[in-house]
Amino acid sequence: MHSLGDFVSLFFPKLCPACMNPLCGTEKVICFECQFSLPQTDHPWDIRNALWEKMNEFLKIERAVALFDFQKHSRVVSMLYQLKYRGHQDIGLFIANWLAPQLRKSKVFEEVEAVLPLPLHPKRQKHRGYNQIQLFSETLAKHLDLPMVNDLVYRKKQTQQLAKMEKSKRWNEIEDAFEVIPSQKYPPQHWLLVDDVITTGATISSCGNTLLEACGGRISIVSLASRLS
Ligand SMILES: [Zn+2]
């Protein structure tokens, strides 16, 4: 006896957001082949990794982890596109549940005290309907037993899509884009900033430097992916 769900999935199969092949059997969200072969980095185990070196030119950070290497026209790009523009927040949830245990095991973020997802501008969030890294951040925070902070940093400037801009212009565009509303709730502490993709590092540097100036403390960063070469 087949259920209506089976019938529907026969005609509208769920696709793996990375390779866009239909999921089958017990596969959930990301297919087994992609789980096995997506280009994971060794950042959780390599404290002085390429991202850490690159980011420390712009922002003083303790730890830096990108979970995947981000190359043009790759399955990682496809997966992040589905997360960001196609409403598939389940991708963030799945990746956090899949990879957060590795972050816990490596102890890379063991000194972190709070998880802080980079905010979107309110208009962009309203248009998109969600912040693509919220669910990833929440799930990561749960795995790491850390509180989430959503009411400290705001995006006051609606920037153009940075990905479409020349690299040299991104830094000007993102400057002063964030605002921190200091609160006694939040003493200086070790923040973990979360973003989906780090390319030039302009966005997360701008957010991190604004946060450090307003609240002090220390910063580590994590992203789903980063372009490292
Ligand atoms: Zn796949």
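The following dialogue reads several features of a predicted model.

Me: What secondary structure does the protein chain contain, and what box do its C-alpha atoms fill?

Reply: The protein chain of this predicted model has 9 helices and 6 strands. Along the principal axes, its C-alpha atoms fill a box of roughly 60 × 35 × 35 Å.

Me: How does the radius of gyration of the protein chain relate to that of a compact globule?

Reply: One sets the value for the chain beside the value expected for its length. A compact globule of 229 residues would have a radius of gyration near 17 Å, and the protein chain has 18 Å, which agrees. Buried residues make up 35% of the 229 residues. Among contacts with a separation of 6 or more, 72% join residues 24 or more positions apart.

Me: Which domains does the assignment give, and how many residues of each are in contact with the other?

Reply: The domain assignment gives domain 1 (1–37) and domain 2 (39–226). Their C-alpha centres lie 29 Å apart. At the boundary, 7 residues of domain 1 are in contact with 8 residues of domain 2. The side of domain 1 that touches domain 2 comprises 7 nonpolar residues, with no polar and no charged ones. In general terms, the size of an interface is often expressed as the accessible area lost when the parts come together.

Me: Which residues have the most contacts inside the largest nonpolar core, and where does this core lie in relation to the domains?

Reply: The largest nonpolar core has 56 residues, and those with the most contacts inside it are Leu192, Leu193, Val194 and Ala225. Helix 5 (residues 90–106) supplies the largest share, 7 residues. Because domain 1 and domain 2 both give residues to this core, it lies between them. Val194 illustrates the packing: beyond its neighbours within four places in sequence, Val194 is in contact with residues including Val115, Leu118, Ile133, Phe136, Leu140 and Val222.

Me: Which residues of helix 7 are buried, and what do they pack against?

Reply: An α-helix has 3.6 residues a turn, so residues three or four places apart point the same way. In helix 7 (residues 134–144), the buried residues are Leu135, Phe136, Ser137, Leu140 and Ala141. These buried residues pack against helix 5, strand 2 (114–117), strand 5 (189–198) and strand 6 (217–226). Three of the helix 7 residues, namely Phe136, Ser137 and Leu140, are also in contact with Val194. Just after helix 7, Asp145 takes a positive phi of about 55 degrees.

Me: Is Cys16 buried or exposed, and where is its place in the chain?

Reply: The criterion is a count of neighbouring C-beta atoms. Cys16 has 24 others within 10 Å and is therefore buried, the threshold being 20 or more. Its place is in the loop between helix 1 (4–11) and helix 2 (32–37). Apart from neighbours within four places in sequence, Cys16 is in contact with Asn21, Leu23, Ile30, Cys31 and Cys34. Cys16 and Arg75, 59 residues apart in sequence, are 9.8 Å apart from C-alpha to C-alpha.

Me: What does Ala214 count as, with its C-beta neighbours inside 10 Å?

Reply: Ala214 has 16 such neighbours, so it counts as partly exposed. Ala214 is found in helix 9 (residues 202–215). When residues up to four places away in sequence are not counted, Ala214 touches Val180 and Pro182. The C-alpha atoms of Ala214 and Lys156 are separated by 15 Å, with the two residues 58 apart along the chain.

Technical notes: Residues are numbered from 1 along each chain as its sequence is written. This is a predicted model: local features need pLDDT of at least 70, side-chain atom pairs count only at pLDDT 80 or more; totals for chains, interfaces and linings use all residues. Helices (H or I, at least four residues) and strands (E, at least two) are DSSP runs, numbered from the N terminus. The radius of gyration is taken over C-alpha atoms; the globule rule is 2.2 Å times the number of residues to the power 0.38. A residue is buried if 20 or more other C-beta atoms lie within 10 Å of its own, exposed if 12 or fewer, and partly exposed in between; C-beta atoms are placed from the backbone. Two residues are in contact if their C-beta atoms, placed from the backbone, lie within 7 Å. Domain bounds come from an automatic or database domain assignment. Ala, Val, Leu, Ile, Met, Phe, Trp, Tyr, Cys and Pro count as nonpolar, Asp, Glu, Lys and Arg as charged, and the others, Gly among them, as polar. A nonpolar core is a set of buried Ala, Val, Leu, Ile, Met, Phe, Trp, Tyr and Cys residues joined through C-beta atoms within 7 Å.
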